[in-house]
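Work through these exercises with the sequence and the 3D view side by side. Try each task before you read its solution.

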Amino acid sequence: MAKSGTTTQGLRTAIERSGYYPALVAEAVEAAVGGEPISSYLVHQETTFDANEVRRHVTVLVLTGNRFIVSHTDEQAADAGSPSPYATTSTESVKLAGISSVVLSRVVANPESYTPGTLPREVVLTIGWGAVSRIDLEPAACGDQNCDADHGYTGNSTADDLSLRVSEAGDGPEAVRQTLLFAQALSEATAATSATPAR
């Protein structure tokens with residue numbers, strides 16, 4: 001389930017509709033947002049299966065005029081350290097100027113007959129701001145197939161702070177649409193920030 005919009009009341013309503021510890025999630029998000037007006041938001045609740053357990057978690061993304069705020073809440077079963085189930089909520093606030101990439105991957109069925117405006121079957125929104133990077137390495141080689149010299153390694157470093165997958169089959173078409181709207185708002189906001197000269 002994903003919901004998006006542009007008002008504080010709408011954000012609270014979307015959190016409540018997710019049904020996932022709404023009082024806890026709303027308090028954490030509202031404390032991080034403070035008094036700033038909200039430009040856009042996205043609430044995404046997801047259920048995963050871990051061995052014999054069903055786990056839920058919710059991610060809330062909020063865009064203000066100056067910041068991108070991400071909140072993530074997970075529930076945990078009772079364990080050796082806690083005799084009762086518990087939830088963990090974290091929020092991170094990132095200046096818009098600090099966002100290095102906004103990547104939106106779209107999966108479409110039957111691309112040969114794609115009509116502009118048709119919703120993708122699935123979208124993956126990846127946002128990077130430098131807190132987490134993924135490095136993919138592989139052995140380097142030269143063009144000589146008979147060469148047995150050690151050429152070291154080559155690879156790529158990719159900003160991968162947040163990745164959110166939303167599918168039409170799992171989350172519904174409205175969730176895909178809302179994710180597209182939020183991704184566009186965030187892309188526009190970061191572009192406007194990078195175009196503004198530093199003072």
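**Exercise 1. The first helix**

Which residues are exposed on the other side of α1? Find them, then describe the buried side.

Solution.
- Step 1. Begin with the exposed residues. Gln9 and Arg17 are exposed on the other side of α1.
- Step 2. List the buried residues. In helix α1 (residues 8-18) these are Gly10, Leu11, Ala14, Ile15 and Ser18.
- Step 3. Look down the axis. The buried residues of α1 fall within an arc of 140 degrees, so they line one face of the helix.
- Step 4. Recall the general rule. An α-helix has 3.6 residues a turn, so residues three or four places apart point the same way.
- Step 5. Step past the end of the helix. Gly19, just after α1, has a positive phi of about 75 degrees.

**Exercise 2. The whole chain**

Describe the model as a whole: its confidence, its elements and its buried share.

Solution.
- Step 1. Check the confidence. This is a predicted model. The protein chain has an average pLDDT of 85, and 85% of the residues score at least 70.
- Step 2. Find the extremes. Confidence is lowest in strand β1 (residues 2-5), with a mean of 55. Helix α2 (residues 22-33) has the highest, at 95.
- Step 3. Count the elements. The protein chain has 4 helices and 10 strands.
- Step 4. Put them in sequence order. The pattern reads β-α-α-β-β-β-β-β-β-β-β-β-α-α.
- Step 5. Add the buried share. The protein chain has 199 residues, and 33% of them count as buried.

**Exercise 3. The second helix**

Compare the span of α2 with the expected value, then sort its two sides.

Solution.
- Step 1. Take the span. α2 has 12 residues and reaches 16 Å from its first C-alpha to its last. That is close to the 16 Å expected at 1.5 Å a residue.
- Step 2. List the buried residues of α2. They are Val25, Ala26, Ala28, Val29, Ala32 and Val33.
- Step 3. Ask where they point. They cover an arc of only 165 degrees around the axis, which puts them on the same side of α2.
- Step 4. Turn to the opposite face. Away from the buried side, α2 carries the exposed residues Ala23, Glu27 and Ala31.
- Step 5. Move past the end. Gly34 follows α2, and its phi is positive, near 65 degrees.

**Exercise 4. Positive phi without glycine**

Examine Tyr21 and Asn110.

Solution.
- Step 1. Recall the background. Most residues other than glycine have a negative phi.
- Step 2. Read the phi of Tyr21. The value is positive, near 40 degrees, in a residue other than glycine.
- Step 3. Place Tyr21. This residue lies in the loop between α1 and α2. At 35% relative accessibility, Tyr21 counts as partly exposed.
- Step 4. Look above its ring. The charged end of Arg56 sits over the ring of Tyr21, 5.7 Å from its centre.
- Step 5. Do likewise for Asn110. Its phi is positive too, about 45 degrees, although Asn110 is not a glycine. Asn110 lies in the loop between β6 (101-107) and β7 (122-128). With 49% relative accessibility, Asn110 is partly exposed.

**Exercise 5. Aromatic rings**

How many aromatic pairs are there? Describe one of them.

Solution.
- Step 1. Give the count. There are 3 aromatic pairs.
- Step 2. Take Phe68 and Phe182. Their pair is tilted, with 6.5 Å centre to centre and 45 degrees between the planes.
- Step 3. Locate both ends. Phe68 is in strand β4 (residues 67-76) and Phe182 in helix α4 (residues 173-195). The pair links distant parts of the chain, 114 residues apart.
- Step 4. Check the burial. Phe68 and Phe182 are both buried.
- Step 5. Widen the view. Phe68, Trp129 and Phe182 form one aromatic cluster.

**Exercise 6. Two cysteines**

Why do Cys147 and Cys142 form no bond?

Solution.
- Step 1. Start from the total. The count of disulfides is 0.
- Step 2. Check the distance. The sulfur of Cys147 is 3.7 Å from the closest cysteine sulfur, in Cys142. The cut-off for a disulfide is 2.5 Å.
- Step 3. Conclude. The two sulfurs are too far apart for a bond.
- Step 4. Add the exposure. Cys142 is partly exposed at 36% relative accessibility. Cys147 is partly exposed at 31%.

Note on methods:
Residues are numbered from 1 along each chain as its sequence is written. This is a predicted model: local features need pLDDT of at least 70, side-chain atom pairs count only at pLDDT 80 or more; totals for chains, interfaces and linings use all residues. Side-chain values use heavy atoms; hydrogens and water are left out. pLDDT is the predictor's confidence in each residue, from 0 to 100. The expected span of a helix is 1.5 Å times one less than its number of residues. Buried means under 20% relative accessible area, exposed over 50%, partly exposed in between (1.4 Å probe, protein chains only). The arc is that of the directions from the helix axis to the C-beta atoms. Rings of Phe, Tyr and Trp (its six-membered ring) pair if their centres lie within 6.5 Å; planes under 30 degrees apart count as stacked, over 60 as edge-to-face and the rest as tilted. A charge sits over a ring if NZ of Lys or CZ of Arg is within 6 Å of the ring centre and within 35 degrees of the ring normal.
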